[in-house]
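Q: I have a sequence and a model in front of me. Please show me how to read the features, one at a time.

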Amino acid sequence: MKNKIVSLGLFGFILIGWFSCNSDFTPKPRGYYTIELPNRAYRVFDSSRFPYSFEYPTYATISNASDSSGNDAYWINVEFPDFNSRIYLSYKPIGGQSVYKINTPSGYKDSVVPNTFESLREEAYKLTYKHTIKANSIVDSLFTNPQGSGGVYFYVAGEAATSKQFYLTDTSKHFLRGALYFDASPNADSLSQVANFLEEDIRRLIKTLRWK
């Protein structure tokens with residue numbers, strides 16, 4: 001009786017193995033949750049304290065990224081709470097000054113550097129291309145908005161922390177830099193749907209931005 005049970009068990013394992021090897025089973029590809037995207041609508045950011053205005057989505061909020069003084073007085077974030085993401089906007093006046101911390105033998109000290117168009121443009125490129133460690137590629141594209149200001153739009157492909165960056169300037173008085181970031185580990189596949197959706201909002205911001 002014992003031998004009969006062992007034989008039946010062995011036969012069962014053989015059948016399972018045979019069906020496994022001859023089935024048409026195909027593993028499912030990795031999938032991600034479908035994200036419900038909001039309807040587009042816009043409003044204007046136009047504070048008397050800031051040297052610029054622009055349109056931004058109604059499903060976003062504005063938060064200060066500065067202490068209203070010094071080097072970052074006009075820096076703000078366009079927050080997208082539903083997507084755990086934000087557009088960082090940093091503004092510097094051409095002809096003004098920036099303060100950077102430099103390491104010296106006696107410790108960190110402030111270094112005052114004049115803001116020229118060339119230096120701000122170079123800084124924008126450096127901040128974007130520091131992501132080359134994770135990025136598969138970075139493509140830059142020149143643009144001009146309806147108000148006559150121009151700049152460069154950067155597409156950062158791969159697992160970098162940011163996939164969209166840009167700068168916008170009139171080359172004489174104003175220089176604004178923007179970068180889209182997510183509060184999540186970089187994953188181009190899972191974030192691409194939202195990143196592509198928000199790209200249109202970034203372009204709307206660029207298109208409607210006016211200097212004061």
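## Reading the sheet, the strands and the pocket

A: Start with one pair of strands in this predicted model. Strand 4 (residues 76–80) and strand 5 (residues 85–93) run antiparallel, joined by 5 bridges.

Q: What holds such strands together in general?
A: Strands of a sheet pair through backbone hydrogen bonds, and the pairing is either parallel or antiparallel. Now take individual partners here. Glu79 stands opposite Arg86 in strand 5. Asn77 has Tyr88 of strand 5 as its bridge partner.

Q: How many residues lie between strand 4 and strand 5 in their hairpin, and which one takes a positive phi?
A: The hairpin has 4 residues between the strands. Asn84 takes the positive phi, near 50°.

Q: What pairs with strand 4 besides strand 5?
A: Strand 3 does, antiparallel, through 4 bridges. Ile62, for example, has Val78 in strand 4 as its bridge partner.

Q: Are the residues of strand 4 buried or exposed?
A: To read burial, use the cut-off: buried means under 20% relative accessible area. In strand 4, 5 of its 5 residues are buried, and the strand is mostly covered. Check the two faces separately. Ile76, Val78 and Phe80 are buried on one side, and Asn77 and Glu79 are buried on the other.

Q: Now strand 5. Is Ser85 buried or exposed?
A: Ser85 is found in strand 5. Its relative accessibility is 2%, so Ser85 counts as buried. Next, list its contacts, leaving out residues up to four places away in sequence. Ser85 touches Val78, Glu79, Phe80, Leu180, Tyr181, Phe182 and Leu198.

Q: Give me a contrasting residue. Is Tyr108 buried or exposed?
A: Exposed means over 50% relative accessible area. Tyr108 has 59% relative accessibility, so it counts as exposed. Tyr108 lies in strand 7 (residues 107–114). Beyond residues up to four places away in sequence, Tyr108 touches Lys101, Ile102 and Asn103.

Q: In what order do the strands of the open sheet lie?
A: Read across the sheet, not along the chain. The order is 3-4-5-11-10-9-8, and these 7 strands form an open sheet with antiparallel pairing. Strand 3 (61–64) and strand 8 (135–144) are the edge strands, each pairing on one side only. From one strand to the next, the twist averages 20°.

Q: Which helix packs on the sheet, and which strands does it touch?
A: Helix 2 (residues 117–129) packs there. Helix 2 touches strand 5, strand 8, strand 9, strand 10 and strand 11. Its direction makes about 10° with that of strand 11.

Q: Let us move to strand 10. Why is it described as largely enclosed?
A: Count its buried residues. Strand 10 (residues 162–169) has 7 of its 8 residues buried, so the rest of the structure largely encloses it.

Q: How is strand 10 joined to strand 9?
A: Strand 9 (residues 150–158) and strand 10 run antiparallel, with 6 bridges between them. A hairpin of 3 residues connects the two. Gly151 has Leu168 in strand 10 as its bridge partner.

Q: And how many bridges pair strand 10 with strand 11?
A: Strand 10 and strand 11 (residues 174–182) pair over 6 bridges, in the antiparallel sense. Thr169 has Phe175 in strand 11 as its bridge partner. The hairpin here has 4 residues between the strands, and Thr171 takes a positive phi near 70°.

Q: How does one find a pocket in general?
A: Rolling a probe the size of a water molecule over the atoms shows where empty space is left. In this model, the largest pocket has a volume of about 330 Å³.

Q: Which residues lie nearest the centre of the largest pocket?
A: Its lining has 21 residues, and Trp75, Ser90, Lys92, Leu127 and Arg177 lie nearest the centre. Strand 4, strand 5, helix 2 and strand 11 each supply at least two lining residues. By type, the lining divides into 12 nonpolar, 5 polar and 4 charged residues.

Q: Finally, the whole chain. How many helices and strands does it have?
A: The chain has 3 helices and 12 strands. Of its 212 residues, 35% count as buried. Now look at sequence separation. Among contacts in the chain with a separation of 6 or more, 47% come from residues 24 or more positions apart.

Note on methods. Residues numbered from 1 in each chain as written. Predicted model: local features only at pLDDT ≥ 70, side-chain atom pairs only at ≥ 80, totals over all residues. Heavy atoms only, no water. Buried < 20%, exposed > 50% of the residue type's maximum accessible area, 1.4 Å probe, protein only. Pairing = 2+ DSSP bridges. Axes fitted to C-alpha atoms, helices over the stretch in contact; angles between N-to-C directions. Contact = heavy atoms within 4.5 Å. 1 Å grid on protein atoms, 1.4 Å probe; cavity = no way out; pocket = protein on both sides within 12 Å on 5 of 7 lines; lining within 4 Å. Points joined across faces, edges and corners; volume = space filled by probe spheres on them. Nonpolar A, V, L, I, M, F, W, Y, C, P; charged D, E, K, R; others polar.
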